[in-house]
Amino acid sequence: MYDFVTTDLSDETFAELSAGLTSESDISSSESSSRQELTPFDWDNIKPTFTILWKGLLAIFVVIGIIIYLAFRFEWKYAVSAIIANLHDIVIILGFFAFFEWEFSLPVLAAILDILGYSVNESVIIFDRIRENFRKMRKASVMEVVNHAITSTTSRTIITHGCTQ
C-alpha cells in the first residue's frame, strides 16, 4: 500500500502516480485487486474530526469539573452517590451508542452534556432535600427520608423538564 499526503497535487501528477503504482511490474495481479485506490489528501475532511476531538476533550474537563463540584458540595457519602448517579446516566447513553454503532457527532455531544446538566441539577436538589429531611425527620429511617425527598421533588422535576422540552 502507498499513502501520499499532499495538498498541491495536479490532476496530471495524480494520474501519473496512479498509473505508476498500478503497473504490473510493481505489484502482482493478486495484490492489485485488493489494493485501495490512491486519492489525494483533503484537509476539509479532517477538520470535523479535530472539532469533535477538541469538543470531546472539553466535555471531559466539564465532567471532571462537575465531579469536583459535587465532591465539595456534599459530604463524602452523598458526593459519592451523586457522582455515581450522574456518571451512570452518561455511561448508559454511551453504551447505547456503542452497542447500536450510532454516529457520534457534535449535536450528540451537546445532548449528552445537556442530559448531564439535568442530572446534576436533580442530584443537587434531591441531596439537599435529603440533608434537610435528616435534620427535620430525626426519628425516621434512612429509606423514609430518601423516599420523602424524592417524592417531594417529583412535581418540580416534571415541571422543569416539561417547560424546557
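Axes are here lines fitted to C-alpha atoms, taken for helices over the stretch in contact, and the angle between two of them runs from 0 to 180 degrees between N-to-C directions. With that in hand, the packing of two helices in this predicted model can be described. Helix α4 covers residues 76–100 and helix α5 covers residues 106–136; the two pack at an angle of about 155°, and their axes are 10 Å apart. Because angles over 145 degrees count as roughly antiparallel, α4 is roughly antiparallel to α5. The crossing of the two helices is right-handed.

Both helices contribute a series of residues to this contact. From α4 come Tyr78, Ser81, Ala82, Ala85, Asn86, Asp89, Ile90, Ile93, Leu94 and Phe97, and these meet Val108, Ile112, Ile115, Leu116, Ser119, Val120, Ser123, Phe127, Ile130 and Phe134 of α5. Sorted by class, the contact of α4 with α5 holds 15 nonpolar, 4 polar and 1 charged residues.

Ser119 offers a handy place to look at this contact in detail. This residue lies in helix α5 and has a relative accessible area of 10%, so Ser119 is buried. Once its neighbours within four places in sequence are set aside, Ser119 is in contact with Ala85, Asn86 and Asp89. Those three residues are among the ones that α4 brings to its contact with α5.

Attention can now turn to the aromatic residues. A search of the whole structure finds 7 aromatic pairs. One of them is formed by Phe96 and Phe100, whose ring centres are 5.9 Å apart and whose planes are at 15°, so this pair is stacked. Phe96 and Phe100 are separated by about one helical turn, because they are 4 residues apart in helix α4. Phe96 has a relative accessible area of 43% and is therefore partly exposed. Phe100, at 41% relative accessibility, also counts as partly exposed.

Another aromatic pair joins Phe97 and Phe104, and here the arrangement is edge-to-face, with 6.0 Å from centre to centre and 80° between the planes. Phe97, which also belongs to the contact between α4 and α5, is buried, its relative accessible area being 17%. Its partner Phe104 counts as partly exposed, at 34% relative accessibility. The four phenylalanines named in these two pairs belong to one aromatic cluster, formed by Phe96, Phe97, Phe99, Phe100, Trp102 and Phe104.

The loop between α4 and α5 deserves a look as well, since Glu101 lies there. The phi angle of Glu101 is near 55°, which is a positive value in a residue other than glycine. Glu101 is exposed, with a relative accessible area of 72%.

Finally, the chain as a whole can be placed around these details. The chain has 6 helices and 0 strands, and from the N terminus on its elements run α-α-α-α-α-α. Of the 165 residues in the chain, buried residues make up 21%; Ser119 and Phe97 are examples of buried residues. Among contacts between residues at least 6 apart in sequence, 58% join residues at least 24 apart.

Terms used: Residues are numbered from 1 along each chain as its sequence is written. This is a predicted model: local features need pLDDT of at least 70, side-chain atom pairs count only at pLDDT 80 or more; totals for chains, interfaces and linings use all residues. Side-chain values use heavy atoms; hydrogens and water are left out. Angles under 35 degrees count as roughly parallel, over 145 as roughly antiparallel, 65 to 115 as roughly perpendicular and the rest as oblique. A crossing is left-handed if the near helix is turned anticlockwise from the far one by less than a right angle, and right-handed if clockwise. Contact means heavy atoms within 4.5 Å. Ala, Val, Leu, Ile, Met, Phe, Trp, Tyr, Cys and Pro count as nonpolar, Asp, Glu, Lys and Arg as charged, and the others, Gly among them, as polar. Buried means under 20% relative accessible area, exposed over 50%, partly exposed in between (1.4 Å probe, protein chains only). Rings of Phe, Tyr and Trp (its six-membered ring) pair if their centres lie within 6.5 Å; planes under 30 degrees apart count as stacked, over 60 as edge-to-face and the rest as tilted.
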